[in-house]
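Here's a structure that may be new to you. Take a moment to look it over, and then we'll walk through some of its parts together.

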Amino acid sequence: MGDDGLPLRAGLAVGGFTLAALLGPLVGLGPAPIALGAAAALGALSLDAARFGGLGGHLLAEALPGGRARLRRIALHEAAHALVAAENGLTVVQVLVGSLACLRAGLRCNGSTAFELPAAAKLPAEDLRRWSRMLQAGMVAEELHYGSARGGADDRALLGRLWGLSGYDVATAQMEQRRARREVEQWLRREAGRLEAEAERLLAGAPTVLRPAALAP
């Protein structure tokens, strides 16, 4: 759940101020205010990139009214990872919810669940199935609750690498992943109460810039 939108935000800022420079004279806006505004906006973007790894916008959004709903979606995603990992005998090392928690841990993302990695890169089929269930759990939980998944790109990439490194062809890997996804969906539907409770617990421990010392999860 990282943020790779800094170049896009910079481009939008430049484009916006270029448009303002063209239209400003029509509404009586001189070049000086536009130049100052452009300098301030680009300076803020540079500070965000240097100080907060491009997560400044996320930090602000999570602290403002409505931020709890944003954090709750992240908490639901990470809770599903953690619960399905435990169900499949995989060890969870750390669960982080929110940009501030991730930034403190040196991560440039909005949420993270770290697992104990397998001892070998090449895994047997049953271990790959367990990892397939766990890595897809966050996306499936979001889809069940919100109709679509925002996070999960890193999960899909890691899952593809695990199957590839273990020597399985693409068709087999995709078939097994679809099977694992169906199993996860069924399990999360059955355990909806547990998922909700775990998401709320993680949400209670998610810090924000206005509440930097949140309750310990």
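## A pair in helix α6

How many residues apart in helix α6 are Asp127 and Arg130? They are three residues apart, which puts about one helical turn between them. Keep in mind that we're looking at a predicted model. In this model the two side chains form a salt bridge, and their closest N and O atoms are 2.6 Å apart. Asp127 isn't hidden away: its relative accessible area is 21%, so it counts as partly exposed.

In general, side chains of opposite charge can pair when their charged atoms come close. A search of the whole structure turns up 16 salt bridges, so there will be others to meet below.

## The overall layout

Let's step back for a moment. The chain has nine helices and two strands. Starting from the N terminus, the elements go α-α-α-α-β-α-β-α-α-α-α.

The chain has 217 residues, and 40% of them count as buried. Now take the contacts between residues at least 6 apart in sequence: 67% of them join residues at least 24 apart.

## Helix α8 and its two sides

Helix α8 covers residues 170–190. At 1.5 Å a residue, its 21 residues should span 30 Å, and the end C-alpha atoms are indeed 30 Å apart.

Which residues of α8 are buried? They are Ala173, Glu176, Gln177, Ala180, Val184, Trp187 and Leu188. Around the axis they cover an arc of only 105°, so they sit on the same side of the helix. On the other side of α8, you'll find Ala171, Arg182, Arg189 and Arg190 exposed. As for the buried residues, they pack against α4, α6, α7 (153–165) and α9.

## Charges along α8

Glu176 and Arg179 are another charged pair: their side chains meet in a salt bridge, at 3.6 Å from N to O. These two are three residues apart in helix α8, so about one helical turn separates them. Is Glu176 buried or exposed? With 10% relative accessibility, Glu176 counts as buried, while Arg179 is partly exposed, with a relative accessible area of 36%.

The pair also belongs to a network of salt bridges, which links Glu126, Arg129, Arg133, Glu176, Arg179 and Glu183.

## Helix α9 and its neighbours

Next comes helix α9, residues 192–204. Its 13 residues reach 18 Å from the first C-alpha to the last, close to the 18 Å expected at 1.5 Å a residue. Leu195, Glu198, Ala199, Leu202 and Leu203 are its buried residues. They cover an arc of only 140° around the axis, so they lie on the same side of α9. What covers them includes α4 (67–87), β1 (92–97), α6 and α8.

Glu200 forms a salt bridge with Arg68, with the closest N and O atoms 3.6 Å apart. Why does this pair tie together separate parts of the chain? Because Glu200 lies in helix α9 and Arg68 in helix α4, the pair connects parts that are 132 residues apart in sequence. Glu200 itself is partly exposed, at a relative accessible area of 33%.

## Rings and what sits by them

How many aromatic pairs does a search of the whole structure find? It finds two. One of them is Phe115 with Trp131, arranged edge-to-face: 6.1 Å centre to centre, with 75° between the planes. Phe115 is in strand β2 (residues 111–115) and Trp131 in helix α6 (residues 125–146), so this pair ties together parts that are 16 residues apart in sequence. Both Phe115 and Trp131 are buried.

Trp163 and Tyr168 also form an edge-to-face pair, at 5.2 Å centre to centre and 75° between the planes. Here Trp163 counts as buried at 1% relative accessibility, whereas Tyr168 has 31% and counts as partly exposed. Trp163 is also a handy landmark for finding Gln174: their C-alpha atoms are 9.2 Å apart, and 11 residues separate them along the chain. Gln174 is in helix α8, and with a relative accessible area of 42% Gln174 is partly exposed.

One more ring to look for is Tyr146: Arg73 lies over the face of this ring, 4.3 Å from its centre.

Methods
Residues numbered from 1 in each chain as written. Predicted model: local features only at pLDDT ≥ 70, side-chain atom pairs only at ≥ 80, totals over all residues. Heavy atoms only, no water. Helix = DSSP H or I, 4+ residues; strand = E, 2+ residues; numbered from the N terminus. Buried < 20%, exposed > 50% of the residue type's maximum accessible area, 1.4 Å probe, protein only. Phe/Tyr/Trp six-rings, centres within 6.5 Å; stacked < 30°, edge-to-face > 60°. Lys NZ or Arg CZ within 6 Å of the ring centre and 35° of its normal. Expected span 1.5 Å × (residues − 1). Arc of directions from axis to C-beta. Contact = heavy atoms within 4.5 Å. Salt bridge = Lys/Arg side-chain N within 4 Å of Asp/Glu carboxyl O.
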